[in-house]
Structures are given as C-alpha cells and as structure tokens.
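Thank you all for coming; I would like to take a few minutes this morning to walk through one model with you. Please have a look at it first, and then I will go through it part by part.

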Amino acid sequence: ELSHQEMVKRVRAIKQKFGKKLFIPGHHYQKDEVIQFADATGDSLKLAQVSAENTLAEYVVFCGVHFMAETADILTNDNQKVILPDMRAGCSMADMATIKQTEKSWKVIQATFGDSVLPLTYVNSTAAIKAFVGERGGATVTSSNAKEMVTWAFKQKERILFLPDQHLGRNTAYDLGVPLNQMAVWNPNTTSFEYEGDLEQVKVILWKGHCSVHENFTVANVEKIRAEKPDMNILVHPECSREVVDQSDYAGSTTYIIDRIEQAPKGSKWAVGTEMNLVNRLIKAHPDKEIVSLNPFMCPCLTMNRIDLPHLLYTLEQLDNGNVINQIIVDQQTADFAKLALQRMLEHS
Ligand code: CIZ
Ligand code: SF4
C-alpha cells in the first residue's frame, strides 16, 4: 500500500520521463488529487480539441468519463492512443440512450412525423449515438452552443429530436421561444411519447434522459436559499430541470459558470448548482466571495470520481512498462459518422 505522497511522487516521475509524449487532460469535475496532474483542464469538448492539437502526445491519458475519451479518440490522429484510467468511469446520462433503443425509437418517430425531424445529440452521449446523428444530417451540441445549434437545426427541418438530456433540450428550446406545449418527451423504455394533445404541433422531441448529478438540485433548494439568504445569486447548469433553471438567476455551461464567478465583484454571494468538485474548487479559488453549493448534501459525479490517484498511477506505471491498458478505440465507421456530427457543430457554432 503506497502513501498518497509516494503515489504523487511516482506520477510526477513518470510524467517527467514521458515529457510531451504524454498528455493528461482533466475534466472540471475531476478530484483535486487527479486534476493536479492535468496538462489542460476544461469541459469535454475543449479537452478533446486540445488532445487533437497536441499531436506530439502519443498517449492521451484522459481523466474524465468514457464518452469524453471516445470523442478524444475520434478527433486525435491514428498515432495517438487514448487511455481511460478506469474503464468503469461511464456517464449515467450517456447510458440512457443506447444505439439499439435509438434505432428502434427513430422508426416510431419517423412513422409519426415522416421526414420532418433532425436528430441532435448532446456531446454527453456514446460515439454510436453521435454517429447515428451524423449519418442522418444532424449534429452534436454542447451546453455552450446548444442555442446556436438548435437554431441551425430548425433551418434544416421542422422538428428536432434532442438526445439524451431532456433538461438541456427543454431549457434550450424554451429560451429560443418554443412553448412547453410544443415539446414532447420520448420515453425509450416504453417506446412512446409522454404528451397530451395533438402530436402534429410538436416541434421538439425530448429523449427521456437526465444527469443524475444535476437532477439533485431542486426547487426546494432554491426556495431555502431565497428564504435564508435573499441576497444570494443562484447560478446553475442547464442540465438542471426547467423549474430550477426558471427560478435561478443565471444558467449556463461549465465555462459560463466559471467565468461568471471569476468576473463577480468581491463580496458577492453565489449558490452554485453543479458538480461538487468544481464547486469546491470555485470556493477555494475565490475566498473573497461567498460561494456555497445550491444543495448542501450534494454528491460528486460518482462515475467521474472513479478516476482517482491509484488508477491514474496504475495506468501510467503500465505505460512505463510498455503496456497500453484501457485504450479507448472507436471503430472507423462509427468514428467517421460521429466526426461528421462533431464537424457540423464546429462549423455552425
Ligand atoms: O455534466 C457534464 O458532464 C458536463 C457539463 C460535461 C462537459 O464538460 O461537457
Ligand atoms: Fe454524466 Fe452527469 Fe456525470 Fe456529467 S455529471 S458525466 S452528465 S452523470
């Protein structure tokens, strides 16, 4: 059993030995013990892009979750190997849309709406879903460019199918002026719409998926802060429910949240509704502001947190011994179609 300090020392030594051949991207939701070794920090898209730009990096040890490592593999070149320190680091939201379910659902959606629907998927989805969307003329979206991409989609078709996060889909369409009664939830488990009324008027089909972390922020949390600390600003991620976003002061992507706090005046007060590791780092980085989690019983993203120092060290030690373990490989056909979806996003946002 190695001590924390010993592990830190070993990771440092291996990083030094590999130099530019090794690149470690770290997602904002990663633990401090991991993020301290990140060569770049960012959201999922930024990390995939910087991995692709770092062509000297033969090994990209991705500290994030599985779908992010897949995107990095799609965007990096053939000589670069993307490695996930723990293969169990998945995303419960991405797992809510399997390719089988999506193909089956698409048949029903097409039978209902004909050729009037363009599929869009949040980047928080498997490579197979990105490929499905790309093959059908659709694109990926992130929480930073969702509005632009939904606007773009409505120029192509009368309706959109938004996978797999119903909340980001609903919040984005609502901000663009689509009334809630023109949005239908698609339940892939029952293969049916959850909608009362005439489906003809539906503009947005929301896949019934969600983030188990961001769903933990509730209207009750907002009401409690409002009652106890009325001068607090409430800032949340759009993966939170419509009701929570509606009652907050600000909502936006991870980058937006970080910028908002950085630019906030000294002494200002913030209740933040997003992943716990990020909120804790914001609290540490801004002692001149009062920052709390919107939900005091907030949990971290458990799958993200499967990447820890022991897993990072183990992966690196294996690399040092010439063993590439946990490599993430997206097959060529899937990668090609998924890349189409990603490129459309990069072009139009
Ligand atoms: O909730 C997540 O997993 C986010 C915001 C991912 C990302 O960086 O796009
Ligand atoms: Fe998935 Fe939510 Fe975790 Fe992000 S925070 S990786 S969306 S479960």
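I will speak about the domains, then the nonpolar core, and finally the ligand. Please keep in mind throughout that this is a predicted model.

Let me start with the domains: the protein is divided into three, with domain 1 made of two segments, 4-89 and 304-331, while domain 2 covers 94-210 and domain 3 covers 214-293. The centres of domain 1 and domain 2, taken over C-alpha atoms, are 31 Å apart, and where these two domains meet, eight residues of domain 1 contact seven residues of domain 2. On the domain 1 side, α3 (44-53) and α4 (66-75) each contribute at least two residues, and it is α4 that gives the most, with four. As for the classes on that side of domain 1, four residues are nonpolar, two are polar and two are charged.

Turning to the interior, the largest nonpolar core holds 103 residues, and the members that touch the most others are F62, L120, I160 and I205. Helix α14 (residues 332-348) supplies the largest share of this core, namely seven residues. If we take I205 and set aside its neighbours within four places in sequence, its contacts are I109, V117, R159, I160, L161, F162, A184 and W186.

Finally, which residues are around ligand 1? They are D43, S44, V123, N124, T142, S143, C211, E239 and T254, and by class this shell comprises five polar, two nonpolar and two charged residues.

Terms used:
Residues numbered from 1 in each chain as written. Chains lettered and ligands numbered in written order. Predicted model: local features only at pLDDT ≥ 70, side-chain atom pairs only at ≥ 80, totals over all residues. Domains from an automatic or database assignment. Nonpolar A, V, L, I, M, F, W, Y, C, P; charged D, E, K, R; others polar. Core = buried A, V, L, I, M, F, W, Y, C linked by C-beta atoms within 7 Å. Buried ≥ 20, exposed ≤ 12 C-beta atoms within 10 Å, placed from the backbone. Near = placed C-beta within 6 Å.
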